Amino acid sequence: PPADRVREAMDQAGVLAVLTPGATDVAPEGASNRWWTGDAGMQAVWTMFGWPILSLPSGVIGGLPVGIQLVMPQGMDESLLCLGVVLESLSTSEACGMWPYGALR
């Protein structure tokens, strides 16, 4: 199965998680429903694999929010959440600026 091949390739390369865009573009300007502005296509492959996905804000481009998503193989849900906590703690340090807007200004 494709999920097994991807996991084997990740293991061989020493890759713990995959980092991908959270959506195909920034949120649409003037979106009336801020909770439903994304494109689920960015999660479709990972969902078919049964792999957990964690979405994180990553900054602002042109005044509109953008996000990233972290993906880990099936069964690594707790590890994914821990990685998210670590990344959030790094992003809130003074060196990174104010989360989530310091990264892409």
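Here are a few notes on the fold, sheet first and cores after; keep in mind that the model is predicted.

1. **The sheet.** We have an open sheet built from three strands, ordered E1-E3-E2, with antiparallel pairing. Strand E1 covers 18–21 and strand E2 covers 53–61; both stand at the edges with a single partner strand each, so one side of each has no neighbour in the sheet. As for twist, neighbouring strands are turned by 30° against each other on average, if you ignore direction.

2. **The E2/E3 pairing.** Strand E3 takes in residues 64–71, and eight bridges link it to E2 in the antiparallel sense. If you want a spot to look at, try leucine 54, which has leucine 70 of E3 standing opposite.

3. **The helix on the sheet.** H2 lies across E1, E2 and E3. Relative to E3, H2 runs at about 10°.

4. **The main core.** Seven residues make up the largest nonpolar core: Ala3, Met10, Val18, Trp46, Phe49, Trp51 and Val71. At least two of these residues come from helix H1 (2–13), and at least two from helix H2 (41–49). What does alanine 3 contact, leaving aside its neighbours within four places in sequence? Phe49 and Trp51.

5. **The other core.** There is also a second core, separate from the one above, with five residues. Leu54, Leu56, Leu70 and Leu80 are among them. Two of these names should ring a bell: Leu54 and Leu70 are the residues that stand opposite each other in the E2/E3 point.

Methods:
Residues are numbered from 1 along each chain as its sequence is written. This is a predicted model: local features need pLDDT of at least 70, side-chain atom pairs count only at pLDDT 80 or more; totals for chains, interfaces and linings use all residues. Side-chain values use heavy atoms; hydrogens and water are left out. A nonpolar core is a set of buried Ala, Val, Leu, Ile, Met, Phe, Trp, Tyr and Cys residues joined through side-chain atoms within 4.5 Å. Buried means under 20% relative accessible area, exposed over 50%, partly exposed in between (1.4 Å probe, protein chains only). Helices (H or I, at least four residues) and strands (E, at least two) are DSSP runs, numbered from the N terminus. Contact means heavy atoms within 4.5 Å. Two strands pair if DSSP finds at least two bridges between them. Axes are lines fitted to C-alpha atoms, for helices over the stretch in contact, and angles run from 0 to 180 degrees between N-to-C directions.
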